Amino acid sequence: MQMRTVLLTGFVSAALSLLVLVVTVNGRLLGDNSGYKPVQPIDYSHRVHAGDNKMDCQFCHLGAEKGRHAAIPPVSTCLKCHEQIKNKPNTKEPSAEIAKLHRAVKDGKPVEWVRIHRLPSFVFFNHSRHVNSGVACQSCHGEVQAMDTVEQAKAHTMGECLACHREQNQKAIASGKRPAAPTDCSACHY
Ligand code: HEC
Ligand code: HEC
Ligand code: HEC
Ligand code: HEC
Ligand code: HEC
């Protein structure tokens with residue numbers, strides 16, 4: 001009896017440390033994981049919306065100029081159009097993918113999109129200062145408007161952040177402006 005308890009405790013703690021290990025390894029990978037392209041719960045295409053239909057990125061990601069997160073739009077944003085558009089393109093057949101949006105509303109559940117870009121928690125990053133100073137979404141996320149499924153196009157390593165900051169500062173100095181992109185450790189880590 002006692003032996004079993006000991007074995008069980010040993011097994012549980014081993015399983016827990018394995019879990020911690022997996023989580024940390026994943027955390028690191030997600031920070032600089034170019035090429036990461038998870039399958040999403042709805043087959044939503046940026047090429048169709050932001051490409052073919054030329055929708056502005058911030059129609060959906062309106063957090064980008066306001067604060068830290070660009071944020072993923074709620075279903076209500078999608079329904080501005082998909083209350084009407086319910087069929088597969090150029091058919092009279094209902095789209096099973098669009099039907100998932102209506103089901104989400106009915107069930108009162110948000111769509112569980114899989115997060116792609118994520119910096120380690122010890123890094124400070126804020127969208128708004130970048131977006132408001134005219135850095136294009138594409139310089140950090142690649143040509144999203146051409147992607148059917150979003151993938152992480154750039155590594156988002158410290159080296160990449162600093163390379164752009166140095167380049168931007170050199171340009172600023174060359175045109176007689178004050179360099180604004182920080183390279184000191186405490187700007188991105190505290
Ligand atoms: C009609 C709404 C809509 C528009 C317009 C739109 N997006 Fe998105 N975006 C989404 C949704 C929904 C997701 C989550 C599903 C996915 O990853 O495809 C997403 C995901 C993303 C992600 C990945 C987020 C993560 O998990 O890390 C990036 C980056 C992104 N969008 C950038 C852009 C850019 C850049 C544009 C403009 C060229 C744009 N989006 C236009 C709805 C939109
Ligand atoms: C200077 C680089 C940079 C620019 C410019 C940029 N992003 Fe991001 N984006 C990132 C990084 C880094 C992350 C991961 C942030 C984190 O983990 O906190 C991210 C995350 C995201 C996400 C995931 C959810 C979130 O908000 O954290 C979306 C969606 C997104 N970006 C969309 C956009 C859109 C749309 C634009 C343009 C309007 C844009 N980004 C401009 C670097 C950038
Ligand atoms: C401004 C209008 C608009 C908004 C907002 C919008 N869509 Fe769309 N969506 C369209 C158009 C237009 C099409 C292409 C339909 C066609 O060609 O018949 C489309 C097509 C689609 C399709 C493809 C359906 C199929 O079976 O091929 C999916 C899935 C989809 N949208 C999901 C979404 C999601 C998820 C959101 C919110 C994040 C969203 N849409 C927001 C206009 C919009
Ligand atoms: C494509 C160029 C580019 C990339 C890549 C880039 N930045 Fe920046 N960053 C800028 C510019 C330009 C500014 C100055 C903005 C201004 O005018 O205030 C800036 C400013 C900042 C600031 C100070 C303003 C604030 O928000 O507090 C921080 C912090 C920062 N960046 C973090 C990062 C991190 C972390 C990354 C990498 C994940 C990164 N940046 C990648 C161009 C870039
Ligand atoms: C412009 C933003 C920025 C600045 C400035 C910056 N870092 Fe980083 N740092 C990052 C990002 C983003 C990561 C996470 C991605 C990675 O590991 O490359 C990171 C990761 C790290 C790590 C973890 C490395 C690893 O491989 O796990 C250390 C340690 C670190 N930074 C130290 C520093 C020190 C020391 C300075 C000053 C000399 C500094 N950083 C300046 C953005 C920055």
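A residue counts as near a molecule when its C-beta atom, placed from the backbone, lies within 6 Å of that molecule. The tour uses that sense of "around a ligand" throughout, and the model it walks through is a predicted one.

**Whole chain**

Start with the protein in cartoon view. There are nine helices and zero strands, so the order of elements from the N terminus is α-α-α-α-α-α-α-α-α. Colour by burial next: of the 190 residues, 7% are buried. For a contact map, keep pairs with a separation of 6 or more; 64% of those contacts join residues 24 or more positions apart.

**Ligand 5**

Select ligand 5 and the 16 residues around it. The nearest of these are Thr-157, Met-158, Cys-161, Cys-185 and Cys-188. Two helices, α8 (158-174) and α9 (185-188), each supply at least two residues of this shell. The most comes from α8, with four residues. Coloured by class, the shell around ligand 5 shows 10 nonpolar residues, five polar and one charged.

Just before α8, select His-156, which sits in the loop between α7 and α8. His-156 has 21 other C-beta atoms within 10 Å, and is therefore buried, the cut-off being 20 or more. Check its backbone too: phi of His-156 is near 55 degrees, a positive value in a residue other than glycine.

**Ligand 4**

Move to ligand 4, which has 22 residues around it. Arg-129, Ser-133, Cys-161, Cys-164 and Ala-181 come nearest. Four helices give two or more residues to this shell: α6 (127-132), α7 (137-141), α8 and α9. Which helix gives the most to the shell around ligand 4? Helix α8 does, with five residues. By class, the shell around ligand 4 holds 13 nonpolar, seven polar and two charged residues.

Two residues make useful stops here.

- Ser-128: select this residue in helix α6. Ser-128 has 15 C-beta neighbours inside 10 Å and so counts as partly exposed. Not counting residues up to four places away in sequence, Ser-128 touches Glu-65, Lys-66 and Gly-67. Draw a distance from the C-alpha of Ser-128 to that of Ala-70: the two are 58 residues apart along the chain and separated by 8.4 Å.
- Pro-179: go to the loop between α8 and α9. Pro-179 has 14 other C-beta atoms within 10 Å, which makes this residue partly exposed. Leaving aside neighbours within four places in sequence, its contacts are Asn-169, Ala-172 and Ile-173. A C-alpha to C-alpha distance from Pro-179 to Glu-167 reads 10.0 Å, for residues 12 apart in sequence.

**Ligand 3**

Now centre on ligand 3. How many residues surround ligand 3? There are 21, and the closest are Cys-78, Cys-81, Pro-89, Ser-95 and Glu-97. Helices α2 (46-52), α4 and α5 each supply at least two residues of the shell. The largest share, five residues, comes from α4. By class, the shell around ligand 3 has 12 nonpolar, five polar and four charged residues.

**The α4 and α5 pair**

Keep α4 and α5 in view and hide the rest. Select residues 75-82 for α4 and residues 96-107 for α5. Their axes come within 10 Å and cross at roughly 125 degrees. Are the two helices perpendicular or oblique to each other? Roughly perpendicular covers 65 to 115 degrees and roughly antiparallel starts over 145, so α4 and α5 are oblique. The crossing is left-handed.

Show side chains at the contact. From α4, take Val-75, Cys-78, Leu-79 and His-82; these meet Ile-98, Leu-101, Ala-104 and Val-105 of α5. The contact is made up of seven nonpolar residues, one polar and no charged.

The last stop is Asn-90, in the loop between α4 and α5. Is Asn-90 buried or exposed? Asn-90 counts as exposed, because 6 C-beta neighbours lie inside 10 Å and the cut-off for exposed is 12 or fewer. Phi of Asn-90 is near 60 degrees, again a positive value in a residue other than glycine.

Technical notes. Residues numbered from 1 in each chain as written. Chains lettered and ligands numbered in written order. Predicted model: local features only at pLDDT ≥ 70, side-chain atom pairs only at ≥ 80, totals over all residues. Axes fitted to C-alpha atoms, helices over the stretch in contact; angles between N-to-C directions. Parallel < 35°, antiparallel > 145°, perpendicular 65-115°, else oblique. Left-handed = near helix turned anticlockwise from the far one by under 90°. Contact = placed C-beta atoms within 7 Å. Nonpolar A, V, L, I, M, F, W, Y, C, P; charged D, E, K, R; others polar.
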